[in-house]
Amino acid sequence: MSAPVAIVAAMHEELGALLARMPDEQRVRAAGRDFWLGHLHGQPVVAVLSRIGKVAAAVTATVLLERFGVRAIVFTGVAGGLAPGVNVGDVVVASELLQHDLDASPIFPKYEVPLVGIARFAADGAIADALSGVAEDVLRDPVALIGQPAMDAFGIRAPKLHRGLLVSGDRFVSTSAESAALRRNLPDALAVEMEGAAMAQVCHDYGVPFAAMRTISDRADDAAHGDFARFVAEVASRYSLALVDAWLATLPSLPESPAAT
């Protein structure tokens with residue numbers, strides 16, 4: 001039997017939307033988390049809530065690999081836009097992930113993971129390409145996806161797909177000063193969140209494909225405290241479900257997980 005694919009959601013609303021599409025989900029409790037095993041489009045899937053922050057995300061990834069032997073992990077959630085033109089309602093598919101709050105200098109270069117020698121962890125290219133393709137298709141008709149009231153409420157006009165550097169850290173970036181500092185120090189960073197780079201590091205250690213896609217919920221500035229819960233419910237959760245659903249519908253065969261052998 002083929003090893004499952006892990007779909008990791010950042011918010012309860014996103015996980016709930018996924019579970020509603022899994023006709024045979026069964027709960028397995030591990031490490032204080034609920035892991036849901038089932039199928040989507042005939043593909044074996046494990047769906048789980050990541051919890052918030054890098055340590056929580058790393059624990060979740062490790063359990064997925066050690067306990068369930070997943071063959072790939074895909075993370076979906078929200079992020080704050082950093083780069084110019086990365087706006088609310090856009091989607092970022094990571095090509096690289098970095099921990100913006102990791103600094104063991106002068107012993108090691110800033111951002112580099114000590115004893116690993118890597119600062120930027122590459123996302124799996126094939127999965128990122130596939131996710132980008134389905135995102136472009138989904139974003140062509142955002143009104144059909146989220147409705148005009150949500151478009152108007154959050155000022156979404158013509159959402160775009162972006163690919164590049166996604167940065168993670170253990171703080172919610174919600175001031176203009178913080179986001180400006182990140183842009184200054186990491187000028188190619190597209191968006192900021194709190195989990196992706198930690199999961200990417202764990203998957204790198206295990207040699208298992210990892211990919212991340214994020215819906216932009218705010219600009220990581222002084223207005224980032226807006227109606228976050230409503231955005232997740234009306235926009236991000238619908239994006240996540242549509243993108244994951246479309247990707248799984250055309251998922252090619254992936255190798256068995258090294259963690260399962």
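**Confidence first**

I started with the elements of the protein chain: helix H1 (residues 12-19) has the lowest mean pLDDT, 85, and strand E7 (residues 121-122) the highest, 98. This is a predicted model, so I wanted the overall score too. The protein chain averages a pLDDT of 90, and 93% of the residues score at least 70. A reminder to myself: where pLDDT is low, the predicted coordinates should not be read in detail.

**Strand E6 and its partners**

Next I went to E6, residues 91-99. I counted seven of its nine residues as buried, so the strand is largely enclosed by the rest of the structure.

Which strands does E6 pair with? E8 is one, running parallel to E6 over eight bridges. E10 (residues 210-218) is another, antiparallel and joined by three bridges. E7 also pairs with E6, in the antiparallel sense, over two bridges.

I then looked up single residues. Glu 96 has Leu 165 as its bridge partner in E8 and Ala 122 as its bridge partner in E7. For Val 93, the partner in E10 is Met 213.

**Strand E8**

E8 covers residues 161-168. Six of its eight residues are buried, so I noted E8 as largely enclosed by the rest of the structure. Besides the pairing with E6, I found four bridges from E8 to strand E9 (residues 189-193), and these two run parallel. Ser 168 has Glu 193 as its bridge partner in E9.

**Ser 132**

I picked out Ser 132, which sits in helix H3 (residues 125-139). Is Ser 132 buried or exposed? Its relative accessibility is 5%, and anything under 20% counts as buried, so Ser 132 is buried. What does Ser 132 touch, leaving aside neighbours within four places in sequence? I got Val 93, Leu 161 and Arg 163. Val 93 is the residue I had just seen bridged to Met 213.

**Aromatic pairs**

I searched the whole structure for aromatic pairs and got three. I wrote up two of them in detail.

In one, the ring centres of Phe 35 and Phe 68 are 5.0 Å apart and the planes meet at 35°, so I call this pair tilted. Phe 35 is in strand E3 (residues 33-40) and Phe 68 is in the loop between helix H2 (54-66) and strand E5 (72-81), so the pair ties together parts that are 33 residues apart in sequence. Phe 35 is buried at a relative accessible area of 0%, and Phe 68 is buried at 14%.

Phe 154 and Phe 231 make an edge-to-face pair, with 5.1 Å between centres and 85° between planes. This pair links distant parts of the chain, 77 residues apart: Phe 154 is in the loop between helix H5 (148-153) and E8, while Phe 231 is in helix H8. Both sides came out buried when I checked accessibility: Phe 154 has a relative accessible area of 18%, and Phe 231 has 1%.

**Helices H8 and H2**

Phe 231 took me on to H8, which has 22 residues (228-249). End to end, by C-alpha, H8 reaches 30 Å, close to the 32 Å expected at 1.5 Å a residue. Where is the kink in H8 centred? I placed it on Ala 236, with an angle of about 35°.

I ran the length check on H2 as well. Its 13 residues should span 18 Å at 1.5 Å a residue, and the end C-alpha atoms are 18 Å apart, which agrees. I also listed the buried residues of H2; among them are Ala 57, Thr 60, Val 63 and Leu 64. Lys 54 is on that buried list too.

**Backbone oddities**

The bond between Ser 105 and Pro 106 is a cis peptide, with omega about 5°. Pro 106 is in the loop between E6 and E7.

Tyr 111 lies in the loop between E6 and E7 as well. Tyr 111 is not a glycine, yet I read a positive phi of about 80°. Tyr 111 counts as buried, at 12% relative accessibility.

Ala 31 is another non-glycine residue with a positive phi, near 55°. I found Ala 31 in the loop between strand E2 (26-30) and E3. With a relative accessible area of 46%, Ala 31 is partly exposed.

Notes. Residues numbered from 1 in each chain as written. Predicted model: local features only at pLDDT ≥ 70, side-chain atom pairs only at ≥ 80, totals over all residues. Heavy atoms only, no water. Expected span 1.5 Å × (residues − 1). Bend = angle between axes of the 7 residues up to and from the residue. Phe/Tyr/Trp six-rings, centres within 6.5 Å; stacked < 30°, edge-to-face > 60°. Buried < 20%, exposed > 50% of the residue type's maximum accessible area, 1.4 Å probe, protein only. Contact = heavy atoms within 4.5 Å. Pairing = 2+ DSSP bridges. pLDDT = per-residue confidence, 0-100.
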